[in-house]
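Please look at the chain as a whole before turning to its parts. The explanation below moves from the overall fold to the interior, and then to the surface.

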Amino acid sequence: MRVVQLLATLIAAGTLAGSAAEFAVDGIKYSVDDYTHATVTGLADADMDRIFIPYIVNHSDNGVEHMFFVTRIAADAFAGTGIRAVVFSPPPYSGAASQGALVIEDGAFNTPSLMVVNTFRPHLPEVEGDPFNEATYAEGTLGFGINLTEDQIDEYKSTEPWSRFNKTQVTAVTAPETDNYAGPVEIFTTSGIKVFSGDPQAAALPKGIYIIRRGPTASVSAL
């Protein structure tokens with residue numbers, strides 16, 4: 001992996017570790033106050049109803065691209081929003097987990113509209129307090145990515161608060177959707193890295209499993 005030269009840029013921009021920098025990527029707001037890790041702080045696009053929590057987020061500042069590991073979701077980050085589904089993306093390469101486990105703070109997803117929680121993370125996120133709404137546990141579905149082993153799925157099912165979900169399933173992989181959506185699409189790897197944006201007919205990608213976003217909706221598809 002490329003070593004990110006962040007220190008000099010932050011100093012040049014007048015943003016040091018004592019003063020958090022904020023930015024938005026793909027409709028999600030982030031805050032960083034060190035040179036490696038990012039915290040999810042909320043929605044940048046209030047109309048989004050499906051969101052992706054990437055393992056790594058890239059941010060360009062003054063022509064220099066920086067890479068941060070997403071290791072925390074702030075308390076009440078999505079509380080009261082209209083999100084209906086969230087995807088926790090998997091590590092993009094072996095050893096990425098050594099950068100720190102994901103921590104989800106109290107009330108981060110406290111909204112009754114959230115009905116689908118899909119996790120591709122093989123390592124159980126740490127939880128502070130209770131991140132989800134009671135309606136999510138009672139009526140929503142916890143989906144496990146096809147990359148998870150049976151032991152990893154069992155760990156989720158036996159650990160609070162994930163064990164409180166009444167419904168669980170292994171995330172299905174569908175064929176690309178054929179609908180009436182005529183606009184451009186965004187295609188992501190299951191690690192949350194955007195690999196294409198534009199007319200889906202022009203996408204030339206290796207065969208594999210991708211997350212395809214069409215406007216405010218998304219699906220996990222095999223291309």
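Helices and strands are here runs assigned by DSSP, with at least four residues for a helix and at least two for a strand, and they are numbered from the N terminus. In this model, which is predicted, the chain contains three helices and 16 strands. Of its 223 residues, 44% are buried. Among contacts with a separation of 6 or more, 65% join residues that stand 24 or more positions apart.

The interior may be considered next. The largest nonpolar core consists of 37 residues, and I51, I73, F78 and F109 have the most contacts inside it. Several elements give two or more residues to this core, including strand 3 (37-43), strand 6 (64-73) and helix 3 (150-157). Strand 1 (21-25), strand 2 (28-32) and strand 4 (50-53) are also among these contributors, as are strand 7 (85-88) and strand 11 (141-144). Another core, of six residues, lies apart from the largest one, and F52, F188, I211 and V220 are among its members.

Which residues does I73 touch, if those up to four places away in sequence are not counted? The list comprises V40, I53, F78, F88, L102, V103, I104, E105, A108 and F109. Two of these, F78 and F109, are named with I73 among the residues that have the most contacts inside the largest core.

Helix 3 offers a second residue to follow, for Y156 is found there. Is Y156 buried or exposed? Its relative accessibility is 1%, and therefore Y156 counts as buried, since the cut-off for a buried residue is under 20%. Leaving out residues up to four places away in sequence, Y156 touches T119, R121, H123, L124, P125, F144, L148, W162 and S163. With one of these, T119, the side chain of Y156 makes a polar contact of 2.9 Å. H123 is 33 residues from Y156 along the chain, yet the C-alpha atoms of the two are separated by 9.2 Å.

The surface completes the picture. The chain exposes about 10800 Å², of which carbon and sulfur atoms supply 50%. A nonpolar patch on the surface is formed by I146, V170 and I209, which together have about 240 Å² of accessible area. Within this patch, I146 belongs to the loop between strand 11 and helix 3. Why does I146 count as partly exposed? The reason is its relative accessibility of 43%, because partly exposed residues fall between the limits of 20% and 50%.

Key:
Residues numbered from 1 in each chain as written. Predicted model: local features only at pLDDT ≥ 70, side-chain atom pairs only at ≥ 80, totals over all residues. Heavy atoms only, no water. Core = buried A, V, L, I, M, F, W, Y, C linked by side-chain atoms within 4.5 Å. Buried < 20%, exposed > 50% of the residue type's maximum accessible area, 1.4 Å probe, protein only. Contact = heavy atoms within 4.5 Å. Patch = residues over 30% accessible without salt bridge, like charges linked within 9 Å, V, L, I, M, F, W, Y side chains within 5 Å. Areas by Shrake-Rupley, 256 points an atom, 1.4 Å probe, with all protein chains shown as cover. Salt bridge = Lys/Arg side-chain N within 4 Å of Asp/Glu carboxyl O. Polar contact = N/O pair within 3.5 Å; in protein donor to acceptor, adjacent residues only side chain to side chain.
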